[in-house]
Amino acid sequence: MLLKILELVGIVAFAMSGALVGVVKRLDLFGVCLVGVFTAVGGGIVRDLLLDIHPPTSLSSWRILGTALGASLLVFFLHRAVSKLTREILVLDALGMGLFATTGATIALDAGARPLAAALIGATAAIGGGILRDVLVNEVPLLLQRDLYAIPALLGAAVLVAAHELGLGQNLSLVLGTVLATGLRLLALWRGWSLPQPRLPRED
């Protein structure tokens, strides 16, 4: 039950963040909903394809698609109020990332994936929707920018897998992994942490 609830919370978080990007890009109703829905379900589709789950759960569940569409419509019609919630949207995006990392890893373990594969699949599920969102709106994917995004997702998924291997309960493992991934992402945003970049010669 907790797994399903957390997955839906992640769907809402990603759909709202994706739809808000669509609003900022001045897309129409269809475009905003398309970006929101694909942001919400993109990572889950990639996860299921890697696990050979056909058809992907995200495309065969009316609950997931309906939740993503509803959240996207909410942003479209209330975007003036939502656009003022910049910090809240960043928190939602970080929460969605953490939730998708841990739920993705959990689903991978349940499907029989080995620990390393489960952690990588969880991280992929967390960043897949964001990459698809940025591609749709013609932006450089957040994954390739300086902000720490993939690292917190991978660490959160790894913590969940480690907790699972240690015999901790599923609910506790989900909470530990999600809190770590989300917290590290928010801390990186607050402190401006990033990975080092190559030092290029200065232009004259």
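Helix H6 is followed by Gly 112, which has a positive phi near 100°. The model described here is a predicted one. H6 itself comprises 25 residues. From first C-alpha to last, H6 reaches 36 Å, close to the 36 Å expected at 1.5 Å a residue.

Helix H9 covers residues 170–191. At 1.5 Å a residue, its 22 residues should span 32 Å. The C-alpha atoms at its ends are 31 Å apart, which agrees. The buried residues of H9 are Ser 173, Leu 174, Gly 177, Thr 178, Ala 181, Thr 182, Leu 184, Arg 185 and Ala 188. Around the helix axis these residues cover an arc of only 155°, so they lie on the same side of H9. On the other side of H9, Val 179, Trp 190 and Arg 191 are exposed. Gly 192 comes just after H9 and takes a positive phi of about 70°.

Three salt bridges were found in a search of the whole structure. One of them joins Asp 93 and Arg 133, with an N to O distance of 3.7 Å. Asp 93 lies in helix H6 (residues 86–110) and Arg 133 in helix H7 (residues 115–136), so the pair ties together parts that are 40 residues apart in sequence. Arg 133 also forms a salt bridge with Asp 134. Here the closest N and O atoms are 3.1 Å apart. Asp 93, Arg 133 and Asp 134 are thus linked in a network of salt bridges. How buried or exposed are the members of this network? Asp 93 has a relative accessible area of 7% and is therefore buried. Arg 133, at 6%, is buried. Asp 134, at 7%, is buried as well. Each value falls under the 20% cut-off for burial.

Another salt bridge pairs Asp 48 with Arg 47. Its closest N and O atoms are 2.9 Å apart. Both Asp 48 and Arg 47 are buried.

The same search for aromatic contacts, run over the whole structure, gave two pairs. In one, the ring centres of Phe 14 and Phe 100 are 5.1 Å apart and the planes meet at 45°, so the pair is tilted. This pair links distant parts of the chain. Phe 14 belongs to helix H1 (residues 2–24) and Phe 100 to helix H6, 86 residues apart. Phe 14 and Phe 100 are both buried. Phe 76 and Phe 77 form an aromatic pair that is edge-to-face. Their centres are 5.1 Å apart, with 90° between the planes. Phe 76 has a relative accessibility of 22% and so counts as partly exposed. Phe 77, at 57%, counts as exposed.

Phe 77 also contributes to a nonpolar surface patch. The patch measures about 380 Å² and is made by Leu 29, Leu 74, Phe 77 and Leu 78. Leu 29 is located in helix H2 (residues 29–50). With a relative accessible area of 36%, Leu 29 is partly exposed.

Several backbone features stand apart from the helices. Most residues other than glycine have a negative phi, and most peptide bonds are trans. Arg 26 is not a glycine, yet has a positive phi of about 60°. Arg 26 sits in the loop between H1 and H2. At 75% relative accessibility, Arg 26 counts as exposed. Asp 52 likewise has a positive phi, near 60°, and is a residue other than glycine. The loop between H2 and H3 holds Asp 52. Asp 52 counts as exposed, at 57% relative accessibility. Pro 55 is also found in the loop between H2 and helix H3 (57–60). The peptide bond from His 54 to Pro 55 is cis, with omega near -10°.

Definitions and conventions: Residues are numbered from 1 along each chain as its sequence is written. This is a predicted model: local features need pLDDT of at least 70, side-chain atom pairs count only at pLDDT 80 or more; totals for chains, interfaces and linings use all residues. Side-chain values use heavy atoms; hydrogens and water are left out. Patches are made of residues with over 30% relative accessible area and no salt bridge: like charges are joined within 9 Å, nonpolar side chains (Val, Leu, Ile, Met, Phe, Trp, Tyr) within 5 Å. Accessible areas come from the Shrake-Rupley method with a 1.4 Å probe; for residues, only the protein chains shown count as cover. A salt bridge is a side-chain nitrogen of Lys or Arg within 4 Å of a carboxyl oxygen of Asp or Glu. Helices (H or I, at least four residues) and strands (E, at least two) are DSSP runs, numbered from the N terminus. Buried means under 20% relative accessible area, exposed over 50%, partly exposed in between (1.4 Å probe, protein chains only). The expected span of a helix is 1.5 Å times one less than its number of residues. The arc is that of the directions from the helix axis to the C-beta atoms. Rings of Phe, Tyr and Trp (its six-membered ring) pair if their centres lie within 6.5 Å; planes under 30 degrees apart count as stacked, over 60 as edge-to-face and the rest as tilted.
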